[in-house]
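Student: I would like to learn how to read a few helix and packing features. Please take them one at a time.

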Amino acid sequence: MDRATSRRRTALFLFFLIPGLSISSWVTRTPDIRDQLGASTAQMGLILFGLSVGSMLSILMSGPLVARFGTRPVMGVGTALFVVSIAVIGVGTLLASAPIVTAGLVLFGIGMGGGEVAVNIDGAEVERITGRTVLPTLHGFFSLGTVVGACAGILCTAVEFPVEWHMGIVALLTAGMFGYGIRAIPSGVGKTKHARPAEGGGTAPARAAVWKDRRLLLIGGIILAMALAEGAANDWLPLLMVDGHGVDPALGSTVYAGFAAAMTLGRFCGSFFIDRFGRALVVRASALSAALGLTLVIFADSPVLAGAAVLLWGLGASLGFPVALSAAGDSGPDSAARVSLVAMLGYVAFLVGPPSLGFLGDHYGLRPAMLVVLAFVAVAVFLAPAIGGRRTTTAGGSPAPSVADPAPVPGSDTGLDSGQVPGPGPERRPTAEH
């Protein structure tokens, strides 16, 4: 790996760390923020709906924006909005203003929905260049950020540190990381609009074909289910433990930290298991683990058992998102469009799905509301074969042909097998995972 690519990968680590740190700082303080705002569960659902509004606006625009401007400006603006949003949430909490907190979450959603799609496209490009599995580790830094943020949130909750000061410190810290990382991201990645102004409308035919690829849509179903499992925990787990299992807020935040730690462990260890057992088996095992953990959290009356089951939930939810993105990137031509499509589906589930659970939770309780998440995860178990098989590399680390990949899905119009992606020139070469 050359120096520029190494610096770029390190910068991407920071761009995944920032949203993890930001979102866990918000999540671990939700009981305190709720109490300071005097909001009910349904009202918290409405406040979280601001996250959905912002994310939907940016998710729908992220693909065209990356195609027009490339990943660097999109991820730059998105990450800058993370910094601003955390500060706005702190101000809203200080003023006990639900509208200001909601506005902060709108900004957070805009940054998350657009910026993170761009970061994933850039990560998939680094994966293609190096021929190594990169996305699980990158997402591992998101989870590491949630662990660090959750631990800080637990400490702040325990000592009753003011929420507004906590959010202000996080905003300053993430601003410094953003300023350092953005310099290493090259321009032009993912920029395809007007790149091929030939007859027939440039890139339009290739992008239309992406929506018709049956295997890619199945991969999108997996990422939707597993992202919902992750997003539901990020938004509701502390309150689920407090309201559903009767633990105190500090312990509820501790359980969330356990979830984040399990996610981090799963993502940093994921590459080993993917290379050894293949994508499909790993994703199926992950979905089964998440389903078992959710079942125990929903139905077990023991807070101890439910807290332990959260670890299974976290391990299970850890790999579905990054492995599905990796599989989408090498499922056929126009890799950026493919990653953009499934990333949009994932972030819709991650950001838009969980707030809807608040309305169910207000009527039936948060534990029964999680049955929706369990149903989606159960479907992912059966969709897992669409992910594909394992990949190998040569001794020197160069890409080698894929092993045990499934046959092309009937109805796919890519014209490639599941292990090929377009190379930088006219030839196409297989990708590889380490």
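Student: Where in H9 does a kink lie, and of about how many degrees?

Tutor: The model is predicted, so local features need pLDDT of at least 70 and side-chain atom pairs count only at pLDDT 80 or more, while totals for chains, interfaces and linings use all residues. Residues are numbered from 1 along each chain as its sequence is written, and side-chain values use heavy atoms, leaving out hydrogens and water. Helices are DSSP runs (H or I, at least four residues), numbered from the N terminus. The bend at a residue is the angle between axes fitted to the seven residues ending there and the seven starting there. In H9 the kink is about 65° and lies at Trp236, shortly before the proline Pro238. After H9 comes Gly246, with a positive phi near 75°.

Student: How many residues of H9 are buried?

Tutor: Buried means under 20% relative accessible area, exposed over 50%, and partly exposed in between (1.4 Å probe, protein chains only). In H9, 25 of the 32 residues are buried, so this helix is largely enclosed by the rest of the structure.

Student: Which residues have the most contacts inside the largest nonpolar core?

Tutor: A nonpolar core is a set of buried Ala, Val, Leu, Ile, Met, Phe, Trp, Tyr and Cys residues joined through side-chain atoms within 4.5 Å. The largest one has 116 residues, and those with the most contacts inside it are Trp26, Leu237, Trp313, Met370, Val373 and Val377. Helix H9 (residues 214-245) gives the largest share of this core, 17 residues. Contact means heavy atoms within 4.5 Å. Not counting residues up to four places away in sequence, Met370 touches Ala232, Trp236, Leu240, Ile298, Trp313 and Leu357. Trp236, where the kink lies, is thus listed among the contacts of Met370.

Student: At roughly what angle do the axes of H3 and H4 cross?

Tutor: Axes are lines fitted to C-alpha atoms, for helices over the stretch in contact, and angles run from 0 to 180 degrees between N-to-C directions. Helix H3 (residues 41-69) and helix H4 (residues 71-94) have axes that come within 7 Å and cross at roughly 130°. Angles under 35 degrees count as roughly parallel, over 145 as roughly antiparallel, 65 to 115 as roughly perpendicular and the rest as oblique. H3 and H4 are therefore oblique to each other. Leu65, Val66 and Phe69 in H3 meet Thr71, Pro73 and Val74 in H4.

Student: Is Glu160 buried or exposed?

Tutor: Glu160 counts as exposed, at 70% relative accessibility. Its phi is positive, near 60°, in a residue other than glycine.

Conventions: Helices (H or I, at least four residues) and strands (E, at least two) are DSSP runs, numbered from the N terminus.
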